[in-house]
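Ready for some practice in reading a protein structure? Take a pencil, look at the model below, and try each task before you read its solution.

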Amino acid sequence: MKILVVDDEKDVQVLFEQRFRKEIRSGEMEFVFAFSGEDALLYLNAHEHEAVLILSDINMPGMSGLDLLSHIKQKYHKPPPVVMMITAYGDAENYKTAKELGADDFLTKPVDFAALKEKLKPTN
Amino acid sequence: MVLDFVIAILIVRYLRKTLETARLLPGWDKIFTAIFIASIACLAVSILFNPFEPVMKWVAHGLLLFLLYVLYTQNDFRSARSYMIAIFPYILVSLATDIIKLFFKKFYDSWHNYIDATIFFAVVWLIAMLIINKRQQKALSKEKQKTKEEEQQNKITTQLKAELEIQVKERTAELTSQKEELQHTLNELKATQSQLIQSEKMASLGELTAGIAHEIQNPLNFVNNFSEVNTELIIEMKDAISKGDFEEVKALASDIADNEQKINHHGKRADAIVKGMLQHSRSSTGQKEPTNINALADEYLRLAYHGLRAKDKSFNATMKTDLDETIGNINIIPQDIGRVILNLITNAFYAVTEKKNGLTSEKPGSKNLISQYEPTVTVTTKKTGSKVEIRVQDNGNGIPQKVLEKIFQPFFTTKPTGQGTGLGLSMSYDIVTKGHAGELKAVTKEGEGAEFIIILPV
C-alpha cells in the first residue's frame with residue numbers, strides 16, 4: 001500500500017519512517033512524502049493511481065490541505081484515493097468542511113500512531 | 001486824544017483779562033480798575049466838555065506813560081510786554097506831537113503833515129502789533145490747550161495702564177491655573193498613552209497566542225513522538241542484544257541517536273518560541289543588542305500566520321521570504337523591531353484577506369478571479385551599503401492616497417471599531433525613527449498591494 005503524506009514539517013518524514021519501520025521493512029506499506037499541497041499535486045499527476053491513501057495536514061502555507069482535498073476528489077475519480085485529513089486545530093468547522101469535500105477520515109494532532117495503524121489496517 | 005484814552009481802556013481791559021489780575025494780582029487789579037474807570041470818565045469828559053480837552057490830553061499821556069512804566073518795570077507783567085512794544089511808538093509820537101504843538105507851534109505848522117503821518121504810522125504799527133499779538137496769543141492758548149489735552153490724555157493713559165495691569169494680573173492667574181490644569185491633563189494623557197501602548201502590546205500578543213500555541217504544539221508533538229519511538233527502539237535493541245544481532249543493535253543505536261537529535265532540535269525550537277513570546281510581552285529594555293534580523297523576521301512571519309490561521313479557519317496565504325544571509329547580526333532593540341515587523345506582517349495578512357473576501361462577496365459568480373488570486377505576503381531583507389532594509393510586501397488592495405497620508409497617525413485605523421487600536425503603525429513609526437534613527441516608508445499601488453520598508457542604519 002502506497003501512502004502519500006503531505007505536511008509542511010519536514011521531520012514528519014523521519015517520524016513516519018520510524019513509526020512505521022516494521023511495516024516499511026515488511027513491505028506492507030510504502031511512504032511517499034510531499035511538503036506542500038502543490039508538491040502533492042505534482043506527485044499525484046506524475047504517479048497517477050499509485051497512492052491509495054493520502055494523509056494530509058490541513059494547515060499549510062500556500063495550498064492548504066482542504067484545497068488539496070477538493071482537487072483530489074474532483075480530479076481523481078476512478079478510483080479516488082482515500083484521503084485522511086490531519087489538523088492541529090480539532091475544530092468542528094474544519095471537520096465539517098473536510099467531510100463536505102469528501103475526506104474519508106479526520107485526525108487531530110498530535111497523531112495517535114497506534115490509532116492510525118488500527119485505521120490503516122482495515123483499508124489494507 | 002480820544003484815541004489815547006481808548007488805548008488806555010483797551011490795555012487795562014486786556015491786562016486784567018489775560019493776566020487774570022482779579023485772581024492773581026488783586027493789588028494791581030484795584031489800580032487797573034481805577035485807571036479803567038478814570039479813563040472812561042476822562043474820555044467822556046473830553047468828548048462832552050471840549051474846553052477840558054487840553055488838560056485831558058496830558059492826563060491821557062500821563063496814564064499811558066504810567067502804564068508803559070508799569071509794564072516795563074513790573075515783573076508781574078512780563079508776559080504782557082509785547083503790548084508795550086505795540087503801544088510804545090504811538091505813546092511817544094503822541095506825546096512828542098503834543099509837546100511840539102505846545103512849544104514849537106511854528107515848527108508843527110510847517111511840518112504837521114509829516115508829524116500826522118508819523119502818528120498814522122504809529123497807529124498802523126499799533127494795530128499791526130495788536131493783530132500779531134492776538135494771533136500769537138491765540139497760538140499760545142492753542143498750545144496751552146494742547147498741553148492740557150495731552151496731560152489729560154496722559155492721565156487717562158496712566159489710568160488705563162493701571163487697569164490693564166490689573167487685567168494682566170488676572171489673566172496671568174487664569175493662565176497659570178489653566179497651565180496647571182493642562183499639565184495635569186498631560187500627565188493623565190501620558191499615563192493613558194503608556195496604558196494604551198501596553199494594551200496594544202497585549203493585543204498583538206493576543207494575535208500571537210494562537211500562532212504561538214500552534215508553533216509550540218508542532219515541536220512538542222515531535223518531541224513526544226520521537227521519544228515514544230525511541231522507547232520502542234530501545235525495547236527492540238534489548239531484543240537484538242539478547243539475540244546477539246549486533247548489526248541490528250548498531251543500526252538501532254544510530255536511529256536512537258538521530259531521534260535524540262530531533263528531540264533536542266524540536267525542544268530548542270519550542271524553547272525559542274517561548275523565549276520570543278516572553279520577550280514580546282516584556283516591556284522593552286531599550287537596550288540594543290546584536291540580533292539576527294532574518295531569524296526575527298522569519299519567526300514573526302510564522303507566528304503571525306498561524307495566529308491568523310487559528311482565528312480564521314478559512315484564512316490562507318502564501319508566505320514568501322527572501323532573506324539576505326550576508327546581513328549577520330545588527331544592533332537593534334529586538335522586542336521593539338520584532339513588534340514593528342509583527343505589526344507590518346499582520347497588516348499585510350489582513351490586507352490580502354480583505355482582498356480575497358472582497359472578491360468572494362462582490363463577484364460570487366466569478367470563481368476564476370478568486371482562484372486566480374493568490375494571497376501572498378513576502379518578507380525581504382537586504383543589506384545596502386551601511387543600511388539594512390526590511391520589506392514587508394502584500395498583494396492586497398493597496399492603500400488609497402487619502403488613507404496613506406494618515407496611516408502613521410496615532411488612533412488612525414481603517415479596521416472596524418474594536419478591531420484595531422490605531423496605534424500599531426504609529427508605534428512602529430516611533431520605534432523605527434526615534435528608537436533606531438531609521439526610516440519607515442510605505443509604497444503602494446491601489447488595487448495591487450502595498451509595501452512597507454523599514455530602513456535601519458547598521
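The exercises below go through a predicted model, chain by chain.

**Exercise 1. Find which residues of helix H4 of chain A are buried, and work out how they are arranged around the axis.**

Step 1. Begin with the cut-off: a residue is buried if 20 or more other C-beta atoms lie within 10 Å of its own. In H4(A), which covers residues 65-75, Gly65(A), Leu66(A), Leu68(A), Leu69(A) and Ile72(A) are buried.

Step 2. Now look down the axis of H4(A): the buried residues fall within an arc of 155°, so they line one face of the helix.

Step 3. Turn to the other side of H4(A), where Gln74(A) and Lys75(A) are exposed.

Step 4. Finally, see what the buried residues of H4(A) pack against: strands E1 (2-6), E3 (53-57) and E4 (82-87), together with helices H3 (37-46) and H5 (92-100), of chain A.

**Exercise 2. Describe how strand E4 of chain A is covered and how E4(A) pairs with E3(A).**

Step 1. Five of the six residues of E4(A) are buried, so the strand is mostly covered.

Step 2. E3(A) and E4(A) run parallel and are joined by five bridges. As one example, Asp57(A) has Ile86(A) of E4(A) as its bridge partner.

Step 3. E4(A) also pairs with strand E5 of chain A (residues 105-108), in the parallel sense and over four bridges. Here Thr87(A) stands opposite Thr108(A) of E5(A).

**Exercise 3. Decide why Glu23(A) counts as partly exposed, and find what it is in contact with.**

Step 1. Locate Glu23(A) in helix H2 of chain A, residues 21-25.

Step 2. Glu23(A) has 18 C-beta neighbours inside 10 Å, so it counts as partly exposed. The cut-offs explain this: buried needs 20 or more, and exposed needs 12 or fewer.

Step 3. Leave aside the neighbours within four places in sequence; Glu23(A) is then in contact with Glu28(A) and Met29(A).

Step 4. Try a pair that is 94 residues apart along the chain: the C-alpha atoms of Glu23(A) and Lys117(A) are separated by 9.8 Å.

**Exercise 4. Check the length of helix H4 of chain B, then ask which of its residues are buried.**

Step 1. H4(B) runs over residues 53-73 and has 21 residues. From its first C-alpha to its last, H4(B) reaches 30 Å, close to the 30 Å expected at 1.5 Å a residue.

Step 2. The buried residues of H4(B) are Met56(B), Lys57(B), Ala60(B), Leu63(B), Leu64(B), Leu67(B) and Leu71(B). They cover an arc of only 130° around the axis, which puts them on the same side of H4(B).

Step 3. On the other side of H4(B), Tyr69(B), Tyr72(B) and Thr73(B) are exposed.

Step 4. The cover over the buried residues of H4(B) includes helices H1 (2-19), H3 (26-48) and H5 (81-103) of chain B.

**Exercise 5. Repeat the length check for helix H3 of chain B and list its buried residues.**

Step 1. With 23 residues at 1.5 Å a residue, H3(B) should span 33 Å; its end C-alpha atoms are 33 Å apart, which agrees.

Step 2. In H3(B), the buried residues are Phe32(B), Ile35(B), Ser39(B), Cys42(B) and Ser46(B).

Step 3. H1, helix H2 (21-24) and H4 of chain B are among the elements that cover them.

**Exercise 6. Which residues have the most contacts inside the largest nonpolar core, and which helix gives the largest share?**

Step 1. The largest nonpolar core has 42 residues, and those with the most contacts inside it are Ala297(B), Tyr300(B), Ala304(B), Ile341(B), Ile345(B), Ala348(B) and Phe349(B).

Step 2. Among the elements that give two or more residues to this core are helices H8 (293-311), H9 (334-362) and H12 (424-436) of chain B. H9(B) gives the largest share, eleven residues.

Step 3. Pick out Ile341(B): not counting residues up to four places away in sequence, Ile341(B) touches Leu296(B), Ala297(B), Tyr300(B) and Ile390(B).

**Exercise 7. Describe the side of chain A that touches chain B.**

Step 1. Count both sides: 17 residues of chain A are in contact with 19 residues of chain B.

Step 2. Helix H1(A), residues 11-19, and H5(A) each supply at least two residues of the chain A side. The largest share of that side, five residues, comes from H1(A).

Step 3. Sort the chain A side by class: six residues are nonpolar, five polar and six charged.

Methods: Residues are numbered from 1 along each chain as its sequence is written. Chains are lettered from A and ligands numbered from 1 in the order in which they are written. This is a predicted model: local features need pLDDT of at least 70, side-chain atom pairs count only at pLDDT 80 or more; totals for chains, interfaces and linings use all residues. The arc is that of the directions from the helix axis to the C-beta atoms. Two residues are in contact if their C-beta atoms, placed from the backbone, lie within 7 Å. A nonpolar core is a set of buried Ala, Val, Leu, Ile, Met, Phe, Trp, Tyr and Cys residues joined through C-beta atoms within 7 Å. Ala, Val, Leu, Ile, Met, Phe, Trp, Tyr, Cys and Pro count as nonpolar, Asp, Glu, Lys and Arg as charged, and the others, Gly among them, as polar. The expected span of a helix is 1.5 Å times one less than its number of residues. Two strands pair if DSSP finds at least two bridges between them.
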